[in-house]
Amino acid sequence: MKGKQESLIQLKREISQTVDYWVCYRVGRTLYQVSVQEQPNGETNEGEVTTERFPFYFGMKKQMHQLVEEKAAIGFRPLTEAEQAAHVIEAPEEPALDPAFFKPAIRLAWLLLGLGILLFVLPYERLNNFAFGLGLYVWYETFSQVGLPKFFRRYFHGMFGALMILQVLSAFELEREVQPYYATLSVVSAVMLVLLVVQHHLKKTDQIGQGKRVSRRKITEYPDFEE
């Protein structure tokens with residue numbers, strides 16, 4: 001519940017009989033801002049939906065806090081519990097992972113697995129460079145995917161850090177010592193890619209079995225706004 005509150009901020013300002021709403025929420029690594037003004041006669045003026053994409057999650061939280069401080073300085077306040085119950089906007093959901101990613105993910109998993117096995121059986125130090133380069137490419141491909149589950153995103157970020165450490169150790173002429181670690185990291189990363197694909201298909205099958213459908217979130221009171 002706390003996570004949803006942090007990912008959705010709703011503020012309100014009353015000037016005379018005019019009411020301004022400002023909503024800020026994040027979906028994945030994209031930050032959205034929405035402004036709506038209610039006139040005394042009941043009409044509404046909808047502003048533009050602005051978006052800003054961030055490479056990391058921590059940058060988004062910092063930006064949201066800064067935006068709240070800026071809005072508070074010009075008279076906006078958080079909605080009360082009763083006002084929140086009116087659902088100015090529905091809580092955002094994490095976007096689904098693009099199914100087009102799964103075919104290259106399987107190919108990368110096979111490459112990682114094969115390279116990991118070679119690293120285990122062949123004492124050829126140049127293979128470390130191939131493992132490092134392939135690992136970086138896998139990290140880049142997963143990093144750029146919208147909707148990647150947090151568990152897998154954290155793993156591949158950790159894999160990136162491990163690759164950097166192994167590369168530094170290799171610079172100190174420890175190629176032979178770090179080779180088993182490159183091998184292990186390659187095999188484990190291959191397994192993680194396969195698990196990512198399997199999890200997606202299991203989740204999709206479960207949704208079909210329960211008759212669920214994924215719908216795009218939009219402002220409840222103002223259907224002209226879409227993500």
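The legends below accompany close-up views of side chains in this predicted model.

**View 1. A buried salt bridge joins Arg13 and Asp20.** Side chains of opposite charge can pair when their charged atoms come close. In this view the side chains of Arg13 and Asp20 meet in such a pairing, a salt bridge with a distance of 2.9 Å from N to O. Both Arg13 and Asp20 are buried. The structure as a whole holds 4 salt bridges, and further examples appear in the next two views.

**View 2. Lys12, Glu14 and Arg77 are linked in a network of salt bridges.** Within this network, Arg77 forms a salt bridge with Glu14, and the closest N and O atoms of the two residues are 3.6 Å apart. The pair links distant parts of the chain, for Arg77 belongs to strand β6 (residues 77-78), whereas Glu14 belongs to strand β1 (residues 8-15), and the two residues are 63 residues apart. Arg77 has a relative accessible area of 28%, and because this value lies between the limits of 20% for buried and 50% for exposed, Arg77 is described as partly exposed.

**View 3. A salt bridge connects Arg176 with Glu125.** The closest N and O atoms of Arg176 and Glu125 are 3.5 Å apart. Here too the pair links distant parts of the chain, since Arg176 is in helix α7 (residues 175-209), while Glu125 is in the loop between α4 (102-121) and α5 (127-143), 51 residues apart. Arg176 counts as partly exposed, with a relative accessibility of 46%, and Glu125 is likewise partly exposed, with a relative accessible area of 33%.

**View 4. Trp139, Phe143 and Phe160 form one aromatic cluster.** A pair of aromatic rings is described by the distance of the centres and the angle of the planes. A search of the whole structure finds 6 aromatic pairs, and two of them are described in this legend. The rings of Trp139 and Phe143 have centres 5.2 Å apart and planes at 25 degrees, so this pair is stacked. Trp139 and Phe143 are 4 residues apart in helix α5, which means that about one helical turn separates them, and both of these residues are buried. The rings of Trp139 and Phe160 are also stacked, because their centres lie 4.4 Å apart and their planes meet at 25 degrees. Since Trp139 lies in helix α5 and Phe160 in helix α6 (residues 150-171), this second pair ties together parts that are 21 residues apart in sequence. The relative accessibility of Trp139 is 17%, so that Trp139 counts as buried, whereas Phe160, at 26%, counts as partly exposed.

**View 5. The side chain of Gln179 reaches the backbone oxygen of Tyr124.** Gln179 has its place in helix α7, and at 3% relative accessibility Gln179 counts as buried. The side chain of Gln179 reaches the backbone oxygen of Tyr124 at a distance of 3.4 Å. When residues up to four places away in sequence are not counted, Gln179 touches Leu119, Leu122, Pro123, Tyr124 and Asn128. Tyr124 therefore appears in this view both as a residue touched by Gln179 and as the residue whose backbone oxygen the side chain of Gln179 reaches, with 3.5 Å as the limit for a polar contact.

Terms used. Residues are numbered from 1 along each chain as its sequence is written. This is a predicted model: local features need pLDDT of at least 70, side-chain atom pairs count only at pLDDT 80 or more; totals for chains, interfaces and linings use all residues. Side-chain values use heavy atoms; hydrogens and water are left out. Buried means under 20% relative accessible area, exposed over 50%, partly exposed in between (1.4 Å probe, protein chains only). Rings of Phe, Tyr and Trp (its six-membered ring) pair if their centres lie within 6.5 Å; planes under 30 degrees apart count as stacked, over 60 as edge-to-face and the rest as tilted. A polar contact is a pair of N or O atoms within 3.5 Å; within protein, one must be able to donate a hydrogen and the other to accept it, and residues adjacent in sequence count only if both atoms are side-chain atoms. Contact means heavy atoms within 4.5 Å.
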